[in-house]
Amino acid sequence: MGSTVYEVVRDVVAQAAPEEAVLVVALGRLDQRQVARLLRGRHRDERVGFGLEGVLAVVTPVVWIVVDEASRTATSAATRGLGAKLRVLMRRFLRRRPRLPAEVPALSAEQLDAMHSRILDAAHAAGLKDATAVRLADHVLARLMLDRLPHPPVSAAEDP
């Protein structure tokens, strides 16, 4: 089973920038669409609201935006194979009540490479140093790779 954008961001921030964890928790209470819009609208030197004036977030917006974009792109690519009429119906439905995928879909090796590059670019644009940007991109990919590992089924004897 895949992880949500929030779960990926939460886990990466816990490792890469634990000082931003309180921000991730606050963002997790919002709709994913609201978070994406809020973080995309920020300027580089702005502080994030929620009464957290002392938090200058760098890692959280970079990771959230890139993972969200990759999730949307992968989901859009999956629907391209649908027939034209079904695509029109899907667009109408989605326009009425836009919903983002509950989980980050499984990404191909090419998509993961593209995400790594995108995170590096976004991290550099946010002012992170090269080594920090590489570590951040590596954290995100490592976290996404965890979802690709087979999970052994839970037997009745292990079930609490």
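At what angle do helix H1 (residues 5-16) and H2 pack, and how far apart are their axes? In this predicted model, the angle between H1 and H2 is about 170 degrees and the axes lie 9 Å apart. That angle makes H1 roughly antiparallel to H2. The contact is formed by Tyr6, Val9, Arg10 and Val13 on the H1 side and by Ala21, Val24, Val25 and Gly28 on the H2 side. By class, the contact of H1 with H2 comprises six nonpolar residues, one polar and one charged.

The protein as a whole contains seven helices and zero strands, and its pattern along the sequence reads α-α-α-α-α-α-α. Of its 160 residues, 32% are buried. Contacts between residues at least 6 apart in sequence were also examined; 73% of them join residues at least 24 apart.

Val24 illustrates the setting of a residue in H2. Val24 belongs to helix H2 (residues 21-28) and has a relative accessibility of 2%, so Val24 counts as buried. Leaving aside residues up to four places away in sequence, Val24 touches Tyr6, Val9, Arg10, Val13 and Thr60. Tyr6, Val9, Arg10 and Val13 are the H1 residues that take part in the contact with H2. Thr60 is 36 residues from Val24 along the chain, yet the two C-alpha atoms are separated by 7.0 Å. Thr60 falls within the residue range of helix H4 (residues 59-79).

H1 also packs against H7. The axes of H1 and H7 come within 10 Å and cross at roughly 135 degrees. The two helices are therefore oblique to each other, and H1 passes H7 in a right-handed crossing. On H1, the residues in contact are Glu7, Val8, Asp11, Val12, Gln15 and Ala16, and these meet Leu136, His139, Val140, Arg143 and Leu144 on H7. The contact of H1 with H7 divides into six nonpolar, two polar and three charged residues.

A further contact of H7 is with H6. Helix H6 (residues 109-125) and helix H7 (residues 130-148) have axes that come within 9 Å and cross at roughly 150 degrees. H6 is therefore roughly antiparallel to H7, since angles over 145 degrees fall in that class. The crossing of H6 past H7 is right-handed. From H6, the residues involved are Ala109, Leu112, Met115, His116, Ile119, Leu120, Ala123 and His124. Their partners in H7 are Asp130, Ala133, Val134, Leu136, Ala137, Asp138, Val140, Leu141, Leu144, Met145 and Arg148. Sorted by class, the residues of the contact of H6 with H7 are 14 nonpolar, two polar and three charged. Leu136, Val140 and Leu144 of H7 appear in the contact with H6 and also in the contact with H1.

Charged pairs were considered next. Side chains of opposite charge can pair when their charged atoms come close. The structure holds four salt bridges. One of them joins Arg118 and Glu69, with an N to O distance of 3.3 Å. Arg118 lies in helix H6 and Glu69 in helix H4, so this salt bridge ties together parts that are 49 residues apart in sequence. Arg118 is partly exposed at 34% relative accessibility, and Glu69 is partly exposed at 27%.

Another salt bridge links Asp11 and Arg10, whose closest N and O atoms are 3.1 Å apart. Asp11 is partly exposed, with a relative accessible area of 24%; Arg10 is likewise partly exposed, with a value of 36%. Arg10 is among the H1 residues that meet H2, whereas Asp11 is among the H1 residues that meet H7.

In H7, the side chains of Asp147 and Arg143 form a salt bridge with an N to O distance of 3.4 Å. The two residues are four apart in helix H7, about one turn of the helix. Arg143 has a relative accessibility of 11% and counts as buried, because the cut-off for a buried residue is under 20%. Arg143 also takes part in the contact of H7 with H1. Arg10, Asp11, Arg143 and Asp147 are linked in a network of salt bridges.

Definitions and conventions
Residues numbered from 1 in each chain as written. Predicted model: local features only at pLDDT ≥ 70, side-chain atom pairs only at ≥ 80, totals over all residues. Heavy atoms only, no water. Axes fitted to C-alpha atoms, helices over the stretch in contact; angles between N-to-C directions. Parallel < 35°, antiparallel > 145°, perpendicular 65-115°, else oblique. Left-handed = near helix turned anticlockwise from the far one by under 90°. Contact = heavy atoms within 4.5 Å. Nonpolar A, V, L, I, M, F, W, Y, C, P; charged D, E, K, R; others polar. Buried < 20%, exposed > 50% of the residue type's maximum accessible area, 1.4 Å probe, protein only.
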